[in-house]
Amino acid sequence: MVYNRIGETLIALRAYIHLVIQVLPNRLETKNMYNQSPRSPRSFSGSRPSYGNSRPSYGGSRSGGSRFGGGRPRSGGFKQKSFGDVSKFINKVTVTEEAEVFVPDHASFADFAISDALKRNIIVKGYKAPTPIQDKSIPHILKGEDVFGIANTGTGKTAAFLIPLINKVWHNKHENVLIVVPTRELAIQIQDEFKGFTPGLGMYSVCCVGGTPIYPQITALRRHNNFIIGTPGRLKDLIDRKCIDLKKFGTVVLDEADRMLDMGFISDIKYMLEMMPKPRHTLFFSATITPEISKLTAQFLNNPVSISVKTRDTSKNIDQDVVRMKPGENKFDVLKALLEAPGFHKVLIFGKTKHGVEKLSDDLARKGFKAESIHGNKNHSKRQKALGQFKNSEIQILVATDVAARGLDIADVSHVINFDLPSTYEDYIHRIGRTGRGGKKGNALTFV
């Protein structure tokens, strides 16, 4: 009988341990999803009105600088050394500061040696004076020179390579151009930009990205397309299926090259470049430069013209600040109060995980906000629908992983909020580059 009772006790104990192992992590995840550590301080830098005990405070700078203090953020497992000094997250815009005036070598796009038909399409599209990267890059690309362009995000890199390459194809309809980008959203955006520049020019393109059925793309590739725009994984798949013959492509563009390396596409990129003919016309564009990028340019570019119009990491017209949690505050409640404040009319919120982004979007929707999400687990059509709703201001909030951090051109984003800290400072730069575009003022807030 004693042995039976011991056996029953062991069975019960084992069942209890199994229950704890299964349930406890979920409990902890739910509890920590929106809550910082009780020891995490929270404040906005500067003077501001208070929303109450459990709400955030926000406003302009105090004289004497930010109330960031000397404390280090402790929440979320974030290691301070990833960024060094998190005061990089604080940059108050000085309204009285006189803006630096860029004087281009070309007063308008009419000054470039491009076809009149393309000039007319540029005018119809609403482009007027070229941006610095366009002004400096287009003449070299028109000459057929390899270019390595570095510029801040949102400065017009897409048009900087599309305009001269469209002109190149206009003069030689047998020319084929391959454009490789890290994300499907950026590929589709470039495709849309291409279509805006080419009405009546007799040029065609196909967009080849993952997350969508491959067979319509295979069918489209059977027709002649001067431009193929795509992501590395899908392009490699189509090359392996003999649907794309890289020997017929004399021009290649790598846009957001640093991001593609970060995402592990280096082997796919090398595979494609090594299959292309030599000599070829090669263009690299990026917002940041790394040793790996430098090594890649040395290997695959021929005597490139290096063009850098990047003046600082982040745009001076983005007001950057931090949000610190007070002991006992709920992170979601702080975010909710922010979003209810005046001025938060078009907000892009970044989270770290697909699950966390989806949960945050659902919770905001339950609180009455017009919110959608975009992340890798969503299929292509749903991602495009959410992105379209946000671009058209049909929703107030888009919650995203870093899939939306690069290259996307979304007008009039009032705020970027880093609900979860980015992995690197470079990712931070790209995230907040979604606001303050086109010379407009933007705002970036980071929970620490």
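**View 1. Lysine 331, a buried residue at the start of helix α11.** In this predicted model, lysine 331 has a relative accessible area of 6%, and it counts as buried because that value is under 20%. Lysine 331 belongs to helix α11, which covers residues 331-339. Its side chain has company: it reaches the backbone oxygen of phenylalanine 419 at 2.5 Å. The side chain of lysine 331 also makes a polar contact of 3.5 Å with the side chain of aspartate 420. Look for phenylalanine 447 here too: its C-alpha is 8.7 Å from that of lysine 331, although 116 residues separate the two in sequence.

**View 2. Glutamate 329, in the loop between β8 and α11.** Strand β8 spans 318-323, and glutamate 329 sits in the loop that runs from there to helix α11. Is glutamate 329 buried or exposed? Glutamate 329 is buried, with a relative accessibility of 6%, since anything under 20% falls in that class. A polar atom of the glutamate 329 side chain lies 2.8 Å from the backbone nitrogen of lysine 326.

**View 3. An open sheet of six strands.** Follow the strands across and you get β8-β13-β12-β9-β11-β10, with parallel pairing. At the edges stand β8 and β10 (371-374), and each has a single partner strand, so one side of each has no neighbour in the sheet. From one strand to the next, the twist averages 20 degrees. As a bit of background, strands of a sheet pair through backbone hydrogen bonds, in either a parallel or an antiparallel way.

**View 4. Edge strand β8 beside β13, with helix α11 lying across.** Six bridges join β8 to β13 (residues 442-447) in the parallel sense. One place to spot the pairing is isoleucine 318, whose bridge partner in β13 is glycine 442. Helix α11 lies across β8, β9 (347-350), β11 (397-400), β12 (415-418) and β13. Relative to β13, α11 runs at about 165 degrees.

**View 5. Phenylalanine 161 and phenylalanine 285, one of seven aromatic pairs in the whole structure.** A pair of aromatic rings is described by how far apart the centres are and by the angle of the planes. For phenylalanine 161 and phenylalanine 285, that comes to 5.6 Å centre to centre and 45 degrees between the planes, a tilted pair. Which parts of the chain does the pair link? Phenylalanine 161 is in helix α4 (residues 157-171) and phenylalanine 285 in strand β6 (residues 281-286), 124 residues apart. Phenylalanine 161 is buried at 0% relative accessible area, and phenylalanine 285 is buried at 0% as well.

**View 6. Phenylalanine 419 and phenylalanine 447, an edge-to-face pair.** Here the ring centres are 5.4 Å apart, with 65 degrees between the planes. Phenylalanine 419 comes from the loop between β12 and α14 (425-432), while phenylalanine 447 is in strand β13, so the pair ties together parts 28 residues apart in sequence. Both phenylalanine 419 and phenylalanine 447 are buried. Phenylalanine 419 is also the residue whose backbone oxygen the lysine 331 side chain reaches.

**View 7. More rings, in a cluster and under lysines.** Phe109, Phe112, Tyr127 and Phe197 are linked into a cluster by ring pairs. Elsewhere, lysine 236 lies over the face of tyrosine 271, at 4.7 Å from the ring centre. Lysine 346 lies over the face of phenylalanine 390, with a distance of 5.6 Å to the ring centre.

How values were computed
Residues numbered from 1 in each chain as written. Predicted model: local features only at pLDDT ≥ 70, side-chain atom pairs only at ≥ 80, totals over all residues. Heavy atoms only, no water. Helix = DSSP H or I, 4+ residues; strand = E, 2+ residues; numbered from the N terminus. Buried < 20%, exposed > 50% of the residue type's maximum accessible area, 1.4 Å probe, protein only. Polar contact = N/O pair within 3.5 Å; in protein donor to acceptor, adjacent residues only side chain to side chain. Pairing = 2+ DSSP bridges. Axes fitted to C-alpha atoms, helices over the stretch in contact; angles between N-to-C directions. Contact = heavy atoms within 4.5 Å. Phe/Tyr/Trp six-rings, centres within 6.5 Å; stacked < 30°, edge-to-face > 60°. Lys NZ or Arg CZ within 6 Å of the ring centre and 35° of its normal.
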